[in-house]
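Open the model in your viewer and keep the sequence panel visible. The stops below go from the whole chain to single contacts.

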Amino acid sequence: PDQLQQGALQVVKRLVGQGYQAYLVGGCVRDGQLGRPVKDYDIATSAKPEQVQALFERTIPTGLQHGTVTVLIGRTPYEVTTFRKEGDYEGFRRPSEVEYIDNLQEDLQRRDFTMNAMAMDQDGQLIDPFHGMDDVRAGILRCVGHAAERFSEDALRMLRCLRFASEYGLRIEDSTWQALLAGKTLLRHIAMERVRAELERMLGGRNPDLALQLLVDSGVLDHTKQELQLARIVGAKPKTELGSLPGSLLRLACLYIEMQIDSAAVEEDLRLLTFSKQQIEAVRSMVAAHEMLHSLNEQSSGDEEAGTLKRIWILTALRYGVEAMHGLRQVYRQLANSQEADVHWSQEGEAWLHALPASKLSELQVTGQLLLARLDTKPGPWLGRLLGELLEAVALGLLPNDQEALLEAAQLNYAKIRETE
Ligand code: ATP
Ligand code: MG
């Protein structure tokens, strides 16, 4: 057993040694049984939070109101939660009040799915009262107890259901699936942040295509608190295989591009979903770059001049950054499998990016300071435009990225640029 697990067993044994009941529970038991890597170990115990705090040297009161204390063994945190039963559910989310109990079985009963309702004792004995392992072996995801009740207690469980089904490649058991279809309108009570967290894990997980299929078939996206453009996949499932793109952001960009949702709408969607500024910008810039490629391409249509595509690609790269173009090229390669479009860019874009002598101002062999000194003048708005023109000329291969050549070109262009001031 690895160090992570050893720490968890140490916590369990200390509790049991003091006369309490204690077990490993939830995801770590499930993943351990399935031979999957375990990210973190959770422990359930009959000891009350104060008793747990008294028993270990280093603890953090992570969620005392829910009975959770974090115990530190070395640098590793273990969440220790007192057996509990949940009181009345409020607002279709988990309750604020909990009732402590001294019975493992009842604690397992409040959990969402049979495969998440298993425990293991200090000797490695599996406790599986709801036959979670039988279900997983049969490829089935099933609610503990009455599915409709469980989903209406906590509507987030419906999204967790789709996530676990896709992550573990499981079929959702019939009555669980029926309850999900009947209960999906309750999702309007769930904070968009929680929806985002689940979506991110579904689309970023092992099987994003199954996740997408489940999102489409269930129609849950039509019932989020805030209306999403992404919900358009419900009526029209994209043909792309997301699985060959890395990470949730490229997969999202691919979906939005395939559904032809514009970059402003994409930005709004991701903002409603509370994605971070960086995440929003990563996706938005790919979609916006795609739009620019398309409109430039349209303008030059019929123009068979060699190098036009390359020129469009490079100008777009300057505007949206090389990072966005690398992402977009991967998206195009993916889309090219399902449709004719953008084959050129998917094949040659990478080579063009590699050959770029400079893609941003910091890579240019000249600075604003040097230009001002050579032109012997004061800065103005024209300076940024001049630098931009020089960068474009270098990127397109019309000028070498060489200090003297750039200064000379600046002298030639300076008067012209000032005129348009
Ligand atoms: P992962 O960490 O990989 O998402 P996990 O099973 O550990 O999987 P957590 O969200 O960490 O999931 O929750 C730990 C355990 O708590 C779950 O296995 C489940 O037993 C229980 N649980 C979590 N959220 C809920 C919920 N909304 N309703 C009922 N039980 C839940
Ligand atoms: Mg977990």
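**Domains and overall extent**

Begin by colouring domain 1 and domain 3: their C-alpha centres lie 64 Å apart. The assignment gives domain 1 as 1-138, domain 2 as 238-356 and domain 3 as 361-419; such bounds come from an automatic or database domain assignment. This is a predicted model, in which local features need pLDDT of at least 70 and side-chain atom pairs count only at pLDDT 80 or more, while totals for chains, interfaces and linings use all residues. Residues are numbered from 1 along each chain as its sequence is written, and chains are lettered from A and ligands numbered from 1 in the order in which they are written.

Show the C-alpha trace, which spans about 85 × 50 × 40 Å along its principal axes. The radius of gyration is 28 Å, against near 22 Å for a compact globule of 421 residues (taken over C-alpha atoms; the globule rule is 2.2 Å times the number of residues to the power 0.38). In cartoon view, look for 19 helices and eleven strands (DSSP runs numbered from the N terminus: helices are H or I with at least four residues, strands E with at least two).

**Ligand 1**

Which residues are around ligand 1? Select Gly26, Gly27, Asp42, Arg94, Arg111, Asp112, Asn116, Ala117, Asp154, Leu156 and Arg157 (C-beta atom, placed from the backbone, within 6 Å). This shell divides into two nonpolar, three polar and six charged residues (Ala, Val, Leu, Ile, Met, Phe, Trp, Tyr, Cys and Pro count as nonpolar, Asp, Glu, Lys and Arg as charged, and the others, Gly among them, as polar).

**Helix H13 and its partners**

Next select H13 (residues 277-299) and H14 (residues 308-320), whose axes come within 10 Å and cross at roughly 145 degrees (axes are lines fitted to C-alpha atoms, for helices over the stretch in contact, and angles run from 0 to 180 degrees between N-to-C directions). Among the residues making this contact are Met292 and Leu296 of H13 and Trp313 and Tyr320 of H14 (contact: C-beta atoms, placed from the backbone, within 7 Å). By class, the contact of H13 with H14 has nine nonpolar, three polar and one charged residues.

Now add H11 (residues 247-258): its axis and that of H13 come within 9 Å and cross at roughly 35 degrees. Leu249, Leu252, Ala253, Tyr256 and Ile257 of H11 meet H13 residues including Val283, Met286 and His290. Here the split is nine nonpolar, two polar and no charged.

**Helices H17 and H19**

Finally, select H17 (residues 368-375) and H19 (residues 403-419), which pack at about 60 degrees with axes 10 Å apart. Leu370, Leu371, Arg374 and Leu375 of H17 face Leu407, Ala410, Gln411 and Tyr414 of H19 in this contact.

Conventions:
Contact = placed C-beta atoms within 7 Å.
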